[in-house]
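Let's walk through this protein together, going from the overall fold to a few individual residues. Keep the viewer open and follow along as the names come up.

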Amino acid sequence: MLDPPTLLKAYSQGVFPMADADGSIGWYTADPRGVMPLEGFCPSRSLRAAVRQERFDVRFNSAFEATMRACMETRAEKTWINQELIDAYRGLHRLGFAHSVESWAGGELTGGLYGVSLGGAFFGESMFHRKTDASKVALYHLVDRLRERGFELLDTQAVTPHLQSLGGIEMPAREYLRRLAKAIQKDCRFE
């Protein structure tokens, strides 16, 4: 069942839901686990320039569902997001646990990401972009906010070449769970 208490309990144990090809919801974990060390985030020169030039208006939580739907639509050939997940995460968003970071240009949503915060941990779920650098700028601002608010852990589930180029690493599940247990005890506020 995808109610908020079930989702939060799963996240606190390092488990996350994904829609399977048949539309059912499966529960997953990863070993090794992808993590973006907040102190090890390494934005490229071009990303720093995009942030400095303010090519995007970055907003938090102004279009949560639209961000989640865009993540689903841009991966139509292989998506792990379905309507059931959108409904469940909308519930988490209403309760203040699910968040979006959005890049806007010309009044249009051009990129962003969404995820779940629990204590001092943020679980990144998905990203999308419709303009070059839009999702990377959102990630830059997410990392900045997490540092500013005292978060300890940015979970990326897996490490893609893109995330690795920004400082993402893999860690053994045992180490990840140790860090997660510590991080969720913190009283951090995303908003």
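**From the whole chain to single residues**

A compact globule of 191 residues would have a radius of gyration near 16 Å, and the protein chain has 16 Å, so the value agrees with that expectation. Please keep in mind that this is a predicted model. Taken along the principal axes, the C-alpha atoms of the protein chain fill a box of roughly 40 × 35 × 30 Å. Within that box, the protein chain has seven helices and nine strands.

How much of the chain is buried? Of its 191 residues, 51% count as buried. The accessible surface of the protein chain comes to about 9300 Å², and carbon and sulfur atoms account for 51% of that area. The contacts tell you about the wiring of the fold: among those between residues at least 6 apart in sequence, 70% join residues at least 24 apart. As for charge, the protein chain carries 24 positive and 24 negative side chains, and the centres of the two sets lie 5 Å apart.

Now let's turn to the aromatic rings. A search of the whole structure finds six aromatic pairs. One of them is formed by Phe60 and Phe190, with 6.0 Å from centre to centre and 65 degrees between the planes. Why does this pair count as edge-to-face? The angle between the planes of Phe60 and Phe190 is 65 degrees, and planes over 60 degrees apart are classed that way, so the label follows.

It is worth tracing where these two rings sit. Phe60 belongs to strand β4 (residues 57-60), while Phe190 is in the segment after α7 (173-183), so the pair ties together parts that are 130 residues apart in sequence. The two partners also differ in their exposure class. Phe60 has a relative accessible area of 22% and is partly exposed, whereas Phe190, at 3% relative accessibility, counts as buried. The cut-off for buried is under 20%, so the 22% of Phe60 puts that residue in the partly exposed class. If you look at the surroundings of the pair, you will find a further ring: Phe60, Phe122 and Phe190 form one aromatic cluster.

Next, the backbone has some features that deserve a look. Which peptide bond is cis, with omega near 5 degrees? That is the bond from Asp31 to Pro32. Pro32 has its place in the loop between β2 (25-28) and β3 (33-35).

Asn61 has a positive phi of about 60 degrees although it is not a glycine. You will find Asn61 in the loop between β4 and α3 (64-73), and at 16% relative accessibility Asn61 counts as buried. Gln157 is another non-glycine residue with a positive phi, here about 65 degrees. Gln157, however, has its place in a strand, β8 (residues 153-157). With 12% relative accessibility, Gln157 counts as buried.

Our last stop is Ser135, which lies in helix α5 (residues 134-148). Is Ser135 buried or exposed? Its relative accessible area is 8%, so Ser135 is buried. Which residues does Ser135 touch, not counting those up to four places away in sequence? They are Gly111, Gly112, Met127, Phe128 and His129. Select Ser135 together with these five residues in your viewer, and you have the local environment of this helix position in front of you.

Key:
Residues numbered from 1 in each chain as written. Predicted model: local features only at pLDDT ≥ 70, side-chain atom pairs only at ≥ 80, totals over all residues. Heavy atoms only, no water. Helix = DSSP H or I, 4+ residues; strand = E, 2+ residues; numbered from the N terminus. Rg over C-alpha atoms; globule rule 2.2 N^0.38 Å. Buried < 20%, exposed > 50% of the residue type's maximum accessible area, 1.4 Å probe, protein only. Contact = heavy atoms within 4.5 Å. Areas by Shrake-Rupley, 256 points an atom, 1.4 Å probe, with all protein chains shown as cover. Lys, Arg positive; Asp, Glu negative; His and termini not counted. Charge placed at Lys NZ, Arg CZ, Asp CG, Glu CD. Phe/Tyr/Trp six-rings, centres within 6.5 Å; stacked < 30°, edge-to-face > 60°.
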